[in-house]
Amino acid sequence: SENDSLFDLHYFIHETFHFDFDHVYRFAAGRSPNNIKKWFSENEEWNLIEDDYERYLLNKVWPMPNLQLFYFFDPGDKWIFKINKINRKEKSITIEKPKVIEEHGENPKQNW
C-alpha cells in the first residue's frame with residue numbers, strides 16, 4: 001500500500017524470503033546500486049534507522065525522477081533488491097496484503 005512505510009517494506013521482504021532480522025539494512029535511491037544519490041537514513045543505530053524508515057511512507061518516496069529505489073541487506077552477503085512501483089494501469093487492483101507479483105530466477109537463501 002502507498003500508505004505503508006519503508007520499515008513495512010523491509011518487514012515484507014524478510015517475511016517473503018524467510019530472512020532473519022539480524023543484519024544491517026538500508027534503503028536508498030539512485031540510478032544504480034553503485035550510483036546512490038539519496039540514503040533514507042544516515043543513522044548507524046538500528047533503533048534510529050527503524051524510526052527513520054517508519055516515517056518514510058511509500059507515497060512520499062515516489063515520484064523519484066530518474067532514480068530507482070534499492071534495498072540493501074547484509075553487507076557481508078551483499079543482498080540488493082530493486083523495488084519497483086506498480087504502474088498506473090495496475091493501480092486499480094486492490095491488494096489486501098503485500099505479495100510478490102513477479103520473480104526472476106531462484107529465491108535467494110540467507111547464509112548463516
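**Note on the strands and helix 2 around R26**

1. Strand 1 and strand 3 run antiparallel and are joined by six bridges. The model is a predicted one. Within this pair, R26 stands opposite F72 of strand 3.

2. For orientation, the protein chain has three helices and four strands. Read from the N terminus, its elements follow the order α-β-β-α-α-β-β. The chain has 112 residues, of which 30% count as buried. Among contacts with a separation of 6 or more, 63% are between residues 24 or more positions apart. The accessible surface of the chain is about 8100 Å², and carbon and sulfur atoms hold 48% of that.

3. R26 lies in strand 1, which spans residues 25–32. Is R26 buried or exposed? Its relative accessible area is 14%, and buried means under 20%, so R26 counts as buried.

4. Which residues does R26 touch, leaving aside those up to four places away in sequence? They are W39, S41, N43, E44, I49, Y53, F70, Y71 and F72. F72, one of these, is also the residue that R26 stands opposite in strand 3. Two others, I49 and Y53, are buried residues of helix 2.

5. Strand 3 covers residues 68–73 and is mostly covered, with five of its six residues buried. Besides its bridges to strand 1, strand 3 pairs with strand 4 (residues 79–83) in the antiparallel sense, over five bridges. In that second pairing, Y71 stands opposite F81 of strand 4. Y71 is also among the residues that R26 touches.

6. How many residues lie between strand 3 and strand 4 in their hairpin? There are five, and D74 in the turn has a positive phi of about 55 degrees.

7. Helix 2 runs over residues 46–55, and I49, D52 and Y53 are buried in it. Why do these buried residues line one face of the helix? Seen down the axis of helix 2, they fall within an arc of 95 degrees, so they share one face. In general, an α-helix has 3.6 residues a turn, so residues three or four places apart point the same way.

8. What do the buried residues of helix 2 pack against? Their partners are helix 1 (6–17) and strand 1. On the strand 1 side, R26 touches both I49 and Y53. R26 thus has contacts with residues of helix 2, and it also stands opposite F72 in strand 3.

Technical notes: Residues numbered from 1 in each chain as written. Predicted model: local features only at pLDDT ≥ 70, side-chain atom pairs only at ≥ 80, totals over all residues. Heavy atoms only, no water. Buried < 20%, exposed > 50% of the residue type's maximum accessible area, 1.4 Å probe, protein only. Contact = heavy atoms within 4.5 Å. Pairing = 2+ DSSP bridges. Arc of directions from axis to C-beta. Areas by Shrake-Rupley, 256 points an atom, 1.4 Å probe, with all protein chains shown as cover.
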